Amino acid sequence: MSQLIEVLTKDGSYSLRSAFFQENFHSLFGALEETKSKFTATSNLQRFKGKSLNVLDICFGLGYNSASLLDELIKQKSYLNLYALEIDKKPLEYSLRNESFLKLWAPKVRTIFESLYRKDYFEDQFFKCSVLWGDAREKIKIIPSSIKFDLIYLDGFSPQKCPELWTIEFLSKVTENLNSQGYLITYSSSAAVRKTLRNLGLEIFTIKPSFKNRTFWSQGTVAISKFDKNELKSNFNFEKLSLMEEEHLFTKAGIPYRDQNLNSSKDDIIKQRLKEQSLSNLEPTKKWREKWKMTKLSVKS
Ligand SMILES: C[S@@+](CC[C@H](N)C(=O)[O-])C[C@H]1O[C@@H](n2cnc3c(N)ncnc32)[C@H](O)[C@@H]1O
């Protein structure tokens with residue numbers, strides 16, 4: 001599974017490409033930039049200054065999302081209980097060998113990552129961190145249901161390449177552990193993922209792009225179980241879905257990925273969805289794309 005190729009992204013930070021999944025771990029514009037703008041800035045971490053929080057990082061990979069989180073929480077003296085899920089130890093091994101990655105963060109991040117690599121665990125006065133190695137669909141079951149996460153980062157490969165981490169069944173399991181005011185954050189703006197999260201009873205928001213055009217209309221999705229829309233502030237990194245994004249959910253692209261027993265193969269999940277799409281009376285996504293003058297490239301579905 002883990003033939004990995006080093007990638008230098010445009011902001012000078014390193015990432016990897018998976019030969020197995022045929023996909024990069026990060027946007028070529030910048031691995032660090034992506035983590036900061038999509039995950040860290042969206043988390044509104046100042047809410048937890050001097051307080052404690054629970055975080056679940058699904059698809060830890062090289063650890064950018066956790067490292068950036070830890071780096072911020074060190075500065076503001078928060079107390080963190082972190083769980084990370086990841087199937088492959090190689091990306092963390094790579095991070096620990098890459099000085100330019102390690103230099104991005106406070107030295108304590110290296111200590112934590114070394115401990116996660118050797119013992120799957122780290123604990124001190126401020127932070128308690130565990131990594132559960134294996135298929136996230138299995139390992140999620142080990143996390144006690146009493147733990148409610150204030151933040152869940154969902155950073156799997158895209159739904160087309162790794163559908164098993166975007167199904168109704170997996171997202172339902174994941175969101176059972178989401179605190180009522182907690183944020184589930186993902187870079188994905190796929191209609192299937194958004195529709196699934198909404199059908200699970202969550203309020204969904206779009207992560208504002210740094211600049212908007214027909215290709216970059218969103219940086220991802222935030223899902224929150226109880227959120228008063230009046231609480232949305234202009235300095236937040238996320239906002240209500242635009243009409244264009246709302247209409248996207250009612251096209252065939254909004255048909256969900258399914259994995260009834262949380263053990264289907266990628267091919268079976270894709271095949272079942274294609275079948276459901278072919279039988280559906282929903283509007284073809286092509287029509288929606290034409291209406292809003294988009295190119296296929298601009299839609300992750
Ligand atoms: C897009 S990368 C994650 C990027 C990561 N957040 C980072 O900062 O580097 C996707 C990750 O998902 C992992 N993965 C793929 N399938 C998985 C599964 N079923 N369970 C857990 N992890 C999985 C891959 O090994 C890879 O590290």
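Helices here are DSSP runs of H or I with at least four residues, and strands are runs of E with at least two, numbered from the N terminus. In this predicted model, the run at residues 99-102 is helix α4, and Glu 99 belongs to it. Glu 99 has a relative accessible area of 40%, so it is partly exposed, a class that lies between the limits of 20% for buried and 50% for exposed. Eleven residues separate Glu 99 from Arg 110 in sequence, and their C-alpha atoms are 9.9 Å apart in space.

The ligand comes next. The residues around it number 20, and Cys 59, Leu 62, Glu 86, Ala 136 and Asp 155 come nearest. Sorted by class, this shell consists of eleven nonpolar, five polar and four charged residues. Polar contacts to the ligand involve both backbone and side chains. At Leu 62, a polar backbone atom is 2.8 Å from an oxygen atom of the ligand. His 26 has an N or O atom in its side chain at 3.4 Å from a ligand oxygen. Asn 65 places a polar side-chain atom 3.5 Å from a nitrogen atom of the ligand. On its own the ligand has 600 Å² of accessible area, and the protein covers 98% of that.

Asn 65 also leads into helix α2, where it is one of the buried residues. The helix runs over residues 64-75, and at 1.5 Å a residue its twelve residues should span 16 Å; the C-alpha atoms at its ends are 17 Å apart, so the expected and actual spans agree. Most of α2 is covered, with nine of the twelve residues buried. Besides Asn 65, the buried set is Tyr 64, Ser 66, Ala 67, Ser 68, Leu 69, Leu 70, Asp 71 and Leu 73. Just after the helix, Lys 77 adopts a positive phi of about 55°.

Positive phi values also appear at two loop residues. Asn 44, which is not a glycine, has a phi of about 50°. Asn 44 sits in the loop that joins α1 (31-40) to β4 (52-58), and its relative accessible area is 6%, so it is buried. Asp 120, likewise not a glycine, has a positive phi of about 60°. The loop that holds Asp 120 runs between α5 (107-119) and β6 (121-123). With a relative accessible area of 30%, Asp 120 is partly exposed.

The last stop is strand β9, which covers residues 178-186 and includes Thr 186. Thr 186 counts as buried because its relative accessibility is 0%. A polar atom of the Thr 186 side chain lies 3.0 Å from the backbone oxygen of Leu 154. Leaving aside residues up to four places away in sequence, Thr 186 touches Phe 39, Leu 154, Trp 166, Ile 207, Gln 219, Gly 220 and Thr 221. Leu 154 therefore appears both in this contact list and in the polar pair with the Thr 186 side chain, where a polar contact requires N or O atoms within 3.5 Å.

Between β9 and α8 (191-199) there is a loop, and Ser 189 is found in it. Ser 189 has a relative accessibility of 5% and so counts as buried. Along the chain, Ser 189 and Ile 5 are 184 residues apart, and their C-alpha atoms are separated by 26 Å.

Notes: Residues numbered from 1 in each chain as written. Predicted model: local features only at pLDDT ≥ 70, side-chain atom pairs only at ≥ 80, totals over all residues. Heavy atoms only, no water. Near = heavy atom within 4 Å. Polar contact = N/O pair within 3.5 Å; in protein donor to acceptor, adjacent residues only side chain to side chain. Areas by Shrake-Rupley, 256 points an atom, 1.4 Å probe, with all protein chains shown as cover. Nonpolar A, V, L, I, M, F, W, Y, C, P; charged D, E, K, R; others polar. Expected span 1.5 Å × (residues − 1). Buried < 20%, exposed > 50% of the residue type's maximum accessible area, 1.4 Å probe, protein only. Contact = heavy atoms within 4.5 Å.
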